[in-house]
2 protein chains.
Amino acid sequence: MTTHYGARPTMKDVAAHAGVGLKTVSRVVNGESGVTPATAARVTAAIGALGFRRNDGARTLRTGRTAGVALLLEDIADPFSSTLSRAVEDVARGHGSLLFAGSSGENPLRERELALAFCARRVDGLLVVPAGEDHRYLLPELAAGIPVVFVDRPARQIDADAVLSDNAGGAREGVEHLIRHGHRRIAFLGDLPHIHTTAERLRGYREAMAAARLPVDEAWIASGPTDAAAVTTAVDRLTSGPAPVTALFTANNRITFGALQRLPALVARPALVGFDDLELAALLSPGLTVIAQDPAGLGRAAADLLFRRLDGYDGPPQRVVLPTRLISRGSGESAPAVL
Amino acid sequence: MTTHYGARPTMKDVAAHAGVGLKTVSRVVNGESGVTPATAARVTAAIGALGFRRNDGARTLRTGRTAGVALLLEDIADPFSSTLSRAVEDVARGHGSLLFAGSSGENPLRERELALAFCARRVDGLLVVPAGEDHRYLLPELAAGIPVVFVDRPARQIDADAVLSDNAGGAREGVEHLIRHGHRRIAFLGDLPHIHTTAERLRGYREAMAAARLPVDEAWIASGPTDAAAVTTAVDRLTSGPAPVTALFTANNRITFGALQRLPALVARPALVGFDDLELAALLSPGLTVIAQDPAGLGRAAADLLFRRLDGYDGPPQRVVLPTRLISRGSGESAPAVL
DNA sequence: CTGAAAGCGCTTACAG
DNA sequence: CTGAAAGCGCTTACAG
């Protein structure tokens, strides 16, 4: 090892060390044909001796392809996001591509900042679980040929590829399930109302209630922050008073989690169906009934679409919708405590 | 927008459009001083008109700093990994750095492949949850001044920074807890034995047993694959026969998860303490007693150390050990069913 | 089979 | 305050 601390050998150094031209080193490094075994051996030896590693940044500058894609999530620490992320990584790997990951934290400014930083790195493509309300800032990138696929929520103000869950259909199925078990007073607990998935799931809730000709008291709809304290407050309000609800539909995993924490403290435990599965759901008593999404499927479908675009597919923006799945485990099958 | 599909405007294009020199554009883009407001305005207008975005790859080539760090995990979909990842991301963000993430899948070849790919991108630094047995392949990178910090497990065959949990101490505390509640026949269920954390946790188990002068039957130690089927088999074997164990110490979250699935099927439910916390642990019946690690703390400490190195700190390789925490919730406090 | 020249899009040093 | 030249480490297109 003759490298100095902080200095990396370049192809030029390798060429000098091996006594060949720069282009010959390039050929060996890239496995191109047309180099005699003897020459190649000299180059290989020099590479080893100097600890040379090609600078892919320089390569990118010349070839234009980064071999990297970026994934923008709400929060990588959330199980939904991390499962999706892993699926994307696996697809990217199959295409020889590395993954940049960033968490927007549901902050539109941060989303934009991250997306543009990735674009400045000239990633080959972008996968975005959007937080923002306006994605026109991506127009120059799209015009420059960087494909962008939206995941979980569609783009706003621009027409772009999107891979989504059947949010309305899933919520409808969940609420129908509660109705089928005798519930008529059913609460909807959702995330912030402007979020696309919240709106869609609420739509599914309303559709199910309407289809069963059940009136909806607007007081049954709690859409807001999803921290434990907020959910506790909402659960307490909904399950108390003269005419409490007998069932809860919790519209995402954080809300379900919050509600589960609170339920044991209640006198009459309401039935519960949650949107999104939780890992230990089957081990609770009662088991947790959910509308399960397929985060890995979303990630795969989105990444597949992105790489098809990178391979030249040039059709109009697509919208892919993946089905959800009802999993009955007990919490959603109890009859109303009060009739 | 006058950009053509697939073509990105460069500083040269902006300069021509604004009727200024290249360097003036560079100054405006980078917010350097010494440009009249009028000139700056012309440049800014040209940037907007052309949809120009600086190519950070080209910038990197000249400056040598990538403003990106890489994080190599076992599996980003695992809650431990994803929480750690988010903490690293937050620290990186504070330093203006983006994050590359990759999952090695506990495969040494894949780890090496990913690490070298990140190095070829000339990331500023590397954070590694190692899967491999020999990290000498990183020597040229370290020599070139790329700092590498190992997380959760130390490097092998090289001397490098490492941020670890107190695995032996945590396991010892968990097993002592079971002993304190009357258990004498305690099983250890671990991951593959060659993994550093497995070995350390087993060491803690043996220390606790020895300190209490309890004999250890080697048949009580099951170290191997952590899939549900393997864990089920192990649990069944350990809890049956003429002299079953009365308590289980499950040495990571996947094993705890597998054991929890199986316990309801057993006649006599053994006590259980798991290493790593699970999200719904408090809602199970009985609640799950665990030795909790601090994955976010590990990520933060490792990232802090990495950025200190990037800021010039040049001390000898450090080893940081973070404490674990016993959380009693019920499953670890039941007395032996059989005495 | 081999290599010298030009250029990718920036920044660094320098000169006006 | 402004810009022309050189160069970062590679690959592309050519020539021998």
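This is a guided tour of a predicted model, with a suggestion at each stop for what to select.

**Stop 1: chain A by itself**

Start by hiding everything except chain A and colouring it by secondary structure. You should find twelve helices and twelve strands. Turn the chain so that its long direction runs across the screen: along its principal axes, the C-alpha trace spans about 90 × 40 × 30 Å. The radius of gyration is 26 Å, whereas the globule rule gives 20 Å for 339 residues, so chain A is more spread out than a compact globule.

If you like to colour by burial, buried residues make up 48% of the 339 residues in chain A. A contact map is worth drawing too: among contacts with a separation of 6 or more, 69% join residues 24 or more positions apart.

**Stop 2: the two copies**

Now bring back chain B. Chain A can be superposed on chain B by a rotation of 180° with 0.0 Å of shift along the axis, and the RMSD is 0.0 Å. The two copies are thus related as by a two-fold rotation axis. To find where that axis runs, select F100(A): its C-alpha lies 2.2 Å from the axis, and no residue of chain A comes closer. The two chains also use the same surface, since 100% of the contact residues of chain A recur in chain B.

**Stop 3: the face between the chains**

Select the residues of each chain that touch the other. On chain A there are 48 of them, in contact with 48 residues of chain B. Which elements of chain A should you highlight on this side? Try α4 (56-63), α5 (79-94), β2 (98-103), α6 (108-120) and α7 (139-143), each of which supplies at least two residues. Colour that side of chain A by residue class and you will see 25 nonpolar, 13 polar and ten charged residues.

**Stop 4: DNA strand D**

Show the DNA next, beginning with strand D. It is surrounded by 25 residues, and the closest are M11(A), R62(A), G21(B), K23(B) and T24(B). Both protein chains take part here: α2 (22-29) and α4 of chain A, along with α2 (22-29) and α4 (56-63) of chain B, each supply at least two residues of the surface. The helix to label is α4(A), which gives the most to this surface, with five residues. By class, the surface near strand D divides into nine nonpolar, ten polar and six charged residues.

**Stop 5: DNA strand C**

Move across to strand C, which has 25 residues around it; G21(A), K23(A), T24(A), M11(B) and A58(B) come nearest. Again, α2 and α4 of chain A and α2 and α4 of chain B each supply at least two residues. Which helix gives the most on this strand? This time it is α4(B), with five residues. The surface near strand C has nine nonpolar, ten polar and six charged residues.

**Stop 6: a glutamate in a loop**

Go back to chain A and centre on E74(A), in the loop between β1 (68-73) and α5. Is E74(A) buried or exposed? E74(A) is buried, because it has 20 other C-beta atoms within 10 Å, and 20 or more is the cut-off for that class. Next, draw a distance from E74(A) to G105(A): the two are 31 residues apart in sequence, yet 4.8 Å apart in space, C-alpha to C-alpha. Leaving aside neighbours within four places in sequence, the contacts of E74(A) include S81(A), S103(A), S104(A), V129(A) and A131(A).

**Stop 7: backbone details**

Finish with some torsions. Select S285(A) and P286(A): the peptide bond between them is cis, with omega near -5°. P286(A) belongs to the loop between β9 (271-275) and β10 (289-292) of chain A. In chain B, the bond from S285(B) to P286(B) is cis as well, with omega near -5°, and P286(B) lies in the loop between β9 (271-275) and β10 (289-292) of that chain.

While you are in chain A, look at D276(A), also in the loop between β9 and β10. Its phi is near 95°, a positive value in a residue other than glycine. D276(A) is buried, with 24 other C-beta atoms within 10 Å.

The last selection is Q157(B), in the loop between β4 (148-151) and β5 (161-165) of chain B. Q157(B) has a positive phi of about 70°, although it is not a glycine. With 13 other C-beta atoms within 10 Å, Q157(B) is partly exposed.

How values were computed: Residues are numbered from 1 along each chain as its sequence is written. Chains are lettered from A and ligands numbered from 1 in the order in which they are written. This is a predicted model: local features need pLDDT of at least 70, side-chain atom pairs count only at pLDDT 80 or more; totals for chains, interfaces and linings use all residues. Copies are superposed by least squares on the C-alpha atoms of residues with pLDDT of at least 70 in both. Two residues are in contact if their C-beta atoms, placed from the backbone, lie within 7 Å. Helices (H or I, at least four residues) and strands (E, at least two) are DSSP runs, numbered from the N terminus. Ala, Val, Leu, Ile, Met, Phe, Trp, Tyr, Cys and Pro count as nonpolar, Asp, Glu, Lys and Arg as charged, and the others, Gly among them, as polar. The radius of gyration is taken over C-alpha atoms; the globule rule is 2.2 Å times the number of residues to the power 0.38. A residue is buried if 20 or more other C-beta atoms lie within 10 Å of its own, exposed if 12 or fewer, and partly exposed in between; C-beta atoms are placed from the backbone. A residue is near a molecule or strand if its C-beta atom, placed from the backbone, lies within 6 Å of it.
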